[in-house]
Amino acid sequence: MLYSKMLIPTLREDPTDAEVISHKLMLRAGMIRKLAAGIYTSLPLGHRVLRKTEEIIREEMNRAGALELTLPFVQPAEIWQESGRWDLYGKELLRFRDRGDRDFCLGPTHEEVITDVVRKEVTSYRQLPLILYQIHIKFRDEIRPRFGVMRAREFVMKDAYSFDVDEEAAEKSYRTMFDTYTRIFERCGLRFRAVEADTGPIGGSFSHEFMVLADSGEDSIFSCDSCSYAANKEKAEIGEEITDTRPVPQQALTRAETPGKRTIEEVSSFLKVTPKNLLKTLLYTADGSTVAVLIRGDHELNEVKLKNLLKADSVTLATDEEVERITSAPKGFAGPIGLKVKIIADHAVKGMNNCVTGGNAQDLHLLNVNRERDFAVDQFADLRAAQAGDRCPRCHGTLAVQRGIEVGHIFKLGIKYSKSLHATYLDPRGKEQYIVMGCYGIGVGRTVAAAIEQNHDKDGIIFPLPLAPFQVIVIPVNVKDTNIRDTAFTLYQSLAKEGLEVLIDDRDERPGIKFKDADLIGIPIRITVGAKAIENNQVDIKIRKTGQMELVQTGQVIEKVKGIVGAL
């Protein structure tokens, strides 16, 4: 491909509205352009990278026995109402009406549609197992799209769905997809980790996220230093702390005036105690019912854990009015003593003695509060957000934290959708059974962006070879010099005949501009044809990732480049 015939509108400066490295570099490298908030055009260079990513995904999905199809992007409201998600999904679901005044939405996901296909076409156990997938557009009306294609509203996703006769068969399909995803991200040349994750609005019994490791990642990954346990911040469990079991003398309950002191920082400073000795009482509304949640003062509540514990559709902090109605005090002074609601406490509360709590009266806190003597806990659970240094829930190891970018997510759905949409099959005895489902997604654009976040330097992108738009770029430093130009084009044509993906920079530009653009767009191998080198029948080969440069005889270039491609 001739550079002069490509549309590669590179930029010298970082765009002012780009926040993360991948967004900046994809714009600067001429890969994407913004049409509207969270909606991007993929220009030719970006399109090539996306297609290469899709082909890796497609090859591995086909290898796993999955069948590709295409599902409608526009979906009728009736099927979402049938599954119960029309009202539950929230404002990310972009709804509209057609000219017949019928309700539709733009598909943010395709569980309903694929289940509708299978319930109409699959009737017997002989047709199962079945894995169907597509690589198609999704639309989620994000409240704040950001980070370029990392969190866009319109994006391309590979979504797959498995259908099995029972839980055991579904586990096998899940493991097949887990292994398939592992191969996909290995082939993409990415450093990643699979972690346990919450199922979120998709639902289901358990799931894993595939995280590309990058310091700029917006997600936290907690992993054990002694075993294979790993989970994202929403799912990360915490092993119970080893506490001193010796009895602690209980001191007399004492009132303390705390005028205007509401926060943990304010109260601990005013009373000259550590946040660790404070007991936070948080009031939450879960599907219309109020519960009190007790957390140690130096810990934070994980609302996902609370929601899952209560099996609630939603949990929200109680309003100021609700807090005052239940505690008879303004927000900031709630405590567990005398509350007439269910009390749930984090495991760490078990080891607290003679602690400080709100006094359920304005400007009042209580000192030397002790569980059992002063209040009762209805249920203990792992409720707090994990921190580096916490105990592993699986062994005696310690949790460490890394940053990551979610690029894939797999779910074991069970019969959530097959039951609501009545997708069944007849077993060998002729008895009707619900199909057991799984769901598996990969964000194609997110994968590309994550690869850039993980692979870049001050000069631009360093694409892993499998994702690079071209494998090799040939740069004649002076296209007006006939000898240089002819040598460069001969190399270009020879490499292309060998099946290598080659771009030749045939522009009449200064060498410095060509070198900067080559580094910016991240092509792995650069061949420079200059006057001094070709006097000795040599060209300069540079590896973008390492910066390694080597003079190579022109007759050995093809063999050398093929060896580098094999090594990368």
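These are my notebook entries on a predicted model of one protein chain.

**Entry 1: the whole chain**

I began with the overall counts. I find 14 helices and 31 strands in the chain. I took the extent from the C-alpha trace, which spans about 95 × 65 × 50 Å along its principal axes. Of the 568 residues, 53% are buried. I then looked at contacts with a separation of 6 or more, and residues 24 or more positions apart account for 69% of them.

For the surface I note an exposed area of about 26300 Å², of which carbon and sulfur atoms supply 49%. I also looked up the charges: there are 78 positive and 82 negative side chains. The centres of these two sets lie 2 Å apart.

**Entry 2: the sheet of β13, β19 and β18**

I looked up the strand order here and got β13-β19-β18, an open sheet of three strands with antiparallel pairing. Which strands stand at the edges? They are β13 (254-257) and β18 (355-358); each has a single partner strand, so one side of each is left without a neighbour in the sheet. Direction ignored, neighbouring strands of this sheet are turned by 30° against each other on average.

I followed one pairing further. Strand β19 covers residues 364-369 and is joined to β13 by four bridges, the two running antiparallel. In this pairing I find E257 opposite L364 of β19.

I also checked what packs on this sheet. Helix α6 (residues 264-271) does, and it touches β13, β18 and β19. The direction of α6 makes about 65° with that of β19.

**Entry 3: β4, β5 and β6**

I turned next to β6, residues 103-106, and its partners. Strand β4 (residues 74-76) runs antiparallel to β6, with three bridges between them. I note V74 of β4 as the bridge partner of L106 in β6.

Strand β5 (residues 95-97) also pairs with β6, again in the antiparallel sense and over three bridges. F96 stands opposite F104 in β6. How many residues lie between β5 and β6 in their hairpin? I count five, and D101 in the turn has a positive phi of about 65°.

**Entry 4: β7, β8 and β24**

Is strand β8 (residues 154-164) mostly covered or mostly uncovered? I find β8 mostly covered, as nine of its eleven residues are buried.

I looked up two pairings of β8. Strand β7 (residues 130-139) is joined to β8 by ten bridges, and the two run antiparallel. I recorded one pair from this set, I131 with S162 in β8. Strand β24 (residues 436-443) pairs with β8 over eight bridges, also in the antiparallel sense. From that set I recorded K158, whose bridge partner in β24 is I442.

**Entry 5: G555**

My last lookup was a single residue. Where does G555 lie? It sits in the loop between β31 (549-553) and α14 (557-567). I checked its accessibility against the cut-off for exposed residues, which is over 50%. G555 has 75% relative accessibility and therefore counts as exposed.

I also took one distance from this residue. Q538 is 17 residues away from G555 along the chain, and their C-alpha atoms are separated by 8.5 Å.

Notes: Residues are numbered from 1 along each chain as its sequence is written. This is a predicted model: local features need pLDDT of at least 70, side-chain atom pairs count only at pLDDT 80 or more; totals for chains, interfaces and linings use all residues. Side-chain values use heavy atoms; hydrogens and water are left out. Buried means under 20% relative accessible area, exposed over 50%, partly exposed in between (1.4 Å probe, protein chains only). Contact means heavy atoms within 4.5 Å. Accessible areas come from the Shrake-Rupley method with a 1.4 Å probe; for residues, only the protein chains shown count as cover. Lys and Arg count as positive and Asp and Glu as negative; His and the chain ends are not counted. The place of a charge is taken as NZ of Lys, CZ of Arg, CG of Asp or CD of Glu. Two strands pair if DSSP finds at least two bridges between them. Axes are lines fitted to C-alpha atoms, for helices over the stretch in contact, and angles run from 0 to 180 degrees between N-to-C directions.
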